[in-house]
Each structure stands twice: as C-alpha cells, then as structure tokens.
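Got the structure open in your viewer? Let's walk through it together, one selection at a time.

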Amino acid sequence: MSQPEFASQPVSPRPFRFGVNLMTPAPADEWRAKCRRAEELGYDVLLVPDHLGMPAPFPALVAAAEATERARLGTFVLNAGLWNPALLAREVATTDALTGGRLELGLGAGYVQAEHDSAGLPFGTPGERVDHLRRTVEELRRLLGSESYLPQPAQKPRVPLLVGGNGDRVLRLTAEHADIAAFGGAYPDPRSTTGRLIPVTAERLDERVARYRKFAADRAQPAELNLLLQMVAVTEDREAVLQPLLDRVPEVTPEQALALPILLIGTLDQITAQVLAQRERYGFSYLTVLEPYMEAFAPVIEELRGK
C-alpha cells in the first residue's frame with residue numbers, strides 16, 4: 001500500500017484504514033506467517049506495541065516488511081519515556097529505510113509504572129511524561145528533517161507521525177505535530193501501577209474529540225483520526241459474549257457496555273452499522289484491533305472496504 005496522502009485535499013468522509021496490533025512474540029517463521037495472514041485479511045497497517053514481554057517494535061517491523069508487500073508498518077505506540085530522542089531517531093530512520101518507506105511512527109507518553117520500574121527508568125508525574133513526549137516529538141522533527149542527518153529515512157518530507165492520548169496537553173501536541181490523532185477508548189486507572197484501563201463513555205469521547213478539534217482548528221490539513229478497539233465479536237448472542245466482562249465490572253449494565261465505542265459486539269450488520277455511525281459521530285476512519293481479534297474483525301473489513 002502506498003503512503004497515505006496526509007497532505008492531500010481532505011475527503012469527507014475519509015476512507016477507512018484498518019490496523020492490527022501484533023502483541024504475541026513468535027519465532028521468525030511464525031511471525032512472518034502471522035504478518036502475511038494479516039495482509040491477506042485486508043489489514044492496511046501492521047502494528048507493534050511497546051511493552052516489556054512483547055516483541056521489540058523495530059526488528060519486528062523489519063521482519064514484517066520482509067514477509068509482506070503492501071501493508072504499512074507502525075509502532076502503536078512507543079512509550080516515549082523508554083527512549084532517548086537521539087537514539088530513537090536512529091531507529092526510526094533505519095527502520096524506514098529497511099522497510100522501503102513503509103513506517104508510521106506512533107508515540108505516547110506511557111502509562112505503565114511497573115515497566116519503568118523493571119527497566120530502572122523514572123516514571124515521573126503525568127506532566128513530566130508529557131514534557132518528555134513533547135521534547136521527543138520536537139527533537140525527532142529536528143533530526144529527521146535535516147538533510148545532513150544520517151541515516152536518512154526513506155520517506156520525505158518525514159515519516160508520518162501518530163500521537164496517542166486523550167489528555168489536554170497531549171491533544172494539543174497532537175494537533176500541532178501529528179498526521180494521525182489516536183484516541184484511547186480507555187484511560188489508565190490512576191490507582192494502578194500495572195496499566196489497568198477504565199473504559200471511556202461515548203459522551204466522554206465526544207468531549208475529547210471536540211477538544212482536539214478546537215486545538216486543531218488552525219491546521220492546514222486535518223489529521224486522520226484513530227480509535228483502538230478492545231474487543232470484536234461477530235455473534236448473534238451479544239449478552240453471552242458480554243457476560244464475562246460484566247462479571248468483572250458489575251457496575252456496568254449490558255446497555256452501557258454495548259454503547260462503549262471500543263467494543264464491537266453483534267452481528268456483522270450491527271457491527272458494520274456501529275463503525276459507520278462512529279465515523280460519522282467522531283471522525284474515526286482508522287481503526288486498530290488487538291491481535292486476538294484479528295480474524296474476527298476480518299469480515300468487518302471486507303464489508304466496509306470502499307465505504
């Protein structure tokens with residue numbers, strides 16, 4: 001797939017793109033087979049997160065490029081707090097060159113304290129993490145935008161940037177610098193050190209997207225909007241699929257759960273209608289699913305392609 005035309009004339013509605021976040025480590029042959037399967041299913045972007053215990057993002061993406069032909073390749077998302085900007089610039093440029101200009105760089109502020117503790121790195125306050133994210137974004141733009149920088153990335157004028165997060169300061173940074181604005185449909189539990197997430201309601205997501213649009217009002221071209229989906233189940237029995245979730249979160253009713261933007265549960269027609277409605281409501285045209293739902297989401301991709 002060719003690079004998305006971030007600088008092209010905006011289209012309304014923006015065509016869908018679909019990504020899968022590949023989280024499970026695997027030997028070389030299995031990893032490449034998994035990547036080929038994702039491309040066969042119609043995924044436009046193969047993504048790797050940045051968590052300890054999961055594949056290292058950059059070598060995993062180079063291997064994915066060797067196994068595939070058209071798919072874009074991305075980090076979703078790098079924890080900026082685990083990276084030195086100068087060293088990260090080298091990784092980004094080298095990976096973009098080795099993948100033939102297929103890289104999309106995703107960055108976030110980080111939210112799992114236990115990983116910082118394991119790595120012997122400071123976690124800091126939320127404000128300190130966002131400060132480091134901003135420094136990282138600005139330093140990457142400076143380094144990778146220089147014609148004298150080595151190694152040179154393949155893409156010009158830059159590797160597309162995705163920034164993920166829902167807080168005001170991150171949304172402002174996203175509006176200033178990112179080609180793709182990635183919204184989390186869940187937010188970190190402030191009492192947890194292991195990254196426990198709490199779902200964001202549809203109404204709260206309305207408010208966060210509106211806040212981003214206010215910050216981005218002066219952009220020459222609109223960004224692509226992304227949403228990470230937490231569950232996909234094509235089923236005739238929505239209540240049965242929901243029950244294990246409801247058992248863990250008893251304060252949520254079935255109706256409230258089905259209204260969560262990050263859950264796609266129902267028949268193929270119901271899910272397709274929900275995705276189209278969420279694009280109309282929020283502007284989400286780039287959807288990412290987690291690896292366990294890669295196969296389940298494939299019929300949805302087929303149904304929505306070209307819509």
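Start by selecting α1 along with β1 (17-21), β2 (45-48), α2 (57-67) and α11 (294-304): these four are what the buried residues of α1 pack against. Bear in mind as you look around that this is a predicted model.

Now keep just α1, residues 28-40. From first C-alpha to last, its 13 residues reach 18 Å, close to the 18 Å expected at 1.5 Å a residue. Which of its residues are buried? Colour W31, K34, C35, A38 and E39 and you have them. Then turn the view until you look straight down the axis of α1: the buried residues fall within an arc of 140 degrees, so they line one face of the helix. On the face turned away from that buried side, pick out the exposed residues D29, E30 and E40. Just past the end of α1, click on G42, which has a positive phi of about 105 degrees.

Next stop, the core. Select Y43, L46 and F297, the residues with the most contacts inside the largest nonpolar core, which has 82 residues. Zoom in on L46 and show its neighbours: leaving aside residues up to four places away in sequence, L46 touches a list that includes C35 and A38, as well as V20, L61 and L73. Another core, of 10 residues, lies apart from the largest one; look for M23, L47, L228 and Y286 among its members.

Now for some strands. Select β3, residues 72-75, and check both faces. R72 and G74 are buried on one side, and L73 and T75 are buried on the other. Add β2, which runs parallel to β3 and is joined to it by 4 bridges. Here V45 stands opposite R72. Trace the chain from β2 through α2 to β3 and you follow a right-handed β-α-β crossover. Then bring in β5, residues 103-108, which is also parallel to β3 and joined to it by 2 bridges. Look for L73 standing opposite L103.

Finish with α5, residues 126-144. This helix has 19 residues and reaches 27 Å from its first C-alpha to its last, close to the 27 Å expected at 1.5 Å a residue. Its buried residues include V130, L133, V137, L140 and L144. Why do the buried residues of α5 line one face of the helix? Look down the axis: they fall within an arc of 160 degrees, so one face it is. To see what covers them, show elements including α3 (85-98), β5, β6 (161-164) and α6 (168-177).

Note on methods:
Residues numbered from 1 in each chain as written. Predicted model: local features only at pLDDT ≥ 70, side-chain atom pairs only at ≥ 80, totals over all residues. Heavy atoms only, no water. Expected span 1.5 Å × (residues − 1). Buried < 20%, exposed > 50% of the residue type's maximum accessible area, 1.4 Å probe, protein only. Arc of directions from axis to C-beta. Contact = heavy atoms within 4.5 Å. Core = buried A, V, L, I, M, F, W, Y, C linked by side-chain atoms within 4.5 Å. Pairing = 2+ DSSP bridges. Right-handed = clockwise from strand over helix to strand, strands pointing away.
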